[in-house]
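Colleague: I'm new to this one and would like a close look at a single part. Could you walk me through the sheet and what sits around it?

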Amino acid sequence: SSTFITKQAFGGGAVSGAVNGGAGTVFLKQDSESYGKLIIDNAANSGATTPISNATFDIINISGKANVNSYNATFTNLSLTGNSSANFISNVSFEYLFVNGGSSVIFNATATVTTIFGYGKNNSVKNNDRFNIPRLNVSNFTFYKNGILNISDNTINILDEGVLEIQSGALNLSNLWIKSGGILTHAANLSGLNITAYNITIEYGGTINLTSKGYASTIGPGA
């Protein structure tokens, strides 16, 4: 059995002035799994980027400050923990995204995701293209909207420790619900926050906070 075998492929430490090595990859597959699991862990040492491309997995686990660039990778579940990051360059479609411990994901192409789970603080998800999801529930992560947001039931719930920051475009929804501990805002140096919705509910403790998000002194129509 491989249960008692240590399986790791950490990047090497750097000499003075250089960048730590990027995380290596460990692939595990049980007989019951269709495509197996890819583990990318850099032992809490931020380093060079690890590329993955043209491969299929059931699960990708990224941890330990690993930085990953993905191109044409196919998978069902994606998990990031321990201040790790992932950057998706090509279209991707999968079921579950889990972000934990200060981790971040950037989608630079069309992404289709069923559910996002956040745990802990300082996690983020950003779309720079089209992002498809049945319903957007934002909790324990910041969602940066910088592209097209296509929500099947046209509902956004901003829950405790959740932040939705609009970086471009407007929100056109059926339902917007900001619950206690949830925050809706926009990026700095925008002209305003444009929301169209049939129902907007802001619970006690939920906020729309645009403090210090106006134009800087040398930016904007009055500069």
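Modeller: Before counting anything, a word on terms: helices (at least four residues) and strands (at least two) are DSSP runs, numbered from the N terminus. With that in hand, this predicted model has zero helices and 21 strands in its protein chain. The C-alpha trace spans about 60 × 45 × 30 Å along its principal axes. Of the chain's 223 residues, buried ones make up 36%. About 11,300 Å² of the chain is exposed, and carbon and sulfur atoms supply 48% of that.

Now to the sheet. Nine strands form an open sheet with parallel pairing, and their order runs 3-5-7-9-11-14-17-19-21. Strand 3 (49-53) and strand 21 stand at the edges with a single partner strand each, so one side of each has no neighbour in the sheet. As for what holds such an arrangement together, strands of a sheet pair through backbone hydrogen bonds, either parallel or antiparallel.

Let's start at the strand 3 edge. Strand 3 pairs with strand 5 (residues 67-71) in the parallel sense, over five bridges. If you'd like one spot to find on screen, go to I52: its bridge partner in strand 5 is S70.

Then hop over to the other edge. Strand 21 covers residues 207-208, and I208 belongs to it. I208 counts as partly exposed because its relative accessible area is 39%, and partly exposed is the range between buried, under 20%, and exposed, over 50%. I208 also joins I200, I202 and L210 in a nonpolar patch on the surface, and together the four have about 320 Å² of accessible area.

One more stop, and this one is in strand 2 (residues 37-41), where D41 has its place. With a relative accessible area of 24%, D41 is partly exposed too. Its side chain reaches the backbone nitrogen of A43 at 3.0 Å. Leaving aside neighbours within four places in sequence, D41 is in contact with A9, F10, A23, G24, S63 and G64. Take A9 from that list: A9 and D41 are 32 residues apart along the chain, and their C-alpha atoms are separated by 7.2 Å.

How do contacts of that kind figure in the whole chain? Among contacts with a separation of 6 or more, residues 24 or more positions apart account for 19%. So much for the tour: if you want to retrace it, begin with I52 and S70, carry on to I208 in strand 21, and end with D41 in strand 2.

Terms used. Residues numbered from 1 in each chain as written. Predicted model: local features only at pLDDT ≥ 70, side-chain atom pairs only at ≥ 80, totals over all residues. Heavy atoms only, no water. Patch = residues over 30% accessible without salt bridge, like charges linked within 9 Å, V, L, I, M, F, W, Y side chains within 5 Å. Areas by Shrake-Rupley, 256 points an atom, 1.4 Å probe, with all protein chains shown as cover. Salt bridge = Lys/Arg side-chain N within 4 Å of Asp/Glu carboxyl O. Buried < 20%, exposed > 50% of the residue type's maximum accessible area, 1.4 Å probe, protein only. Contact = heavy atoms within 4.5 Å. Polar contact = N/O pair within 3.5 Å; in protein donor to acceptor, adjacent residues only side chain to side chain. Pairing = 2+ DSSP bridges.
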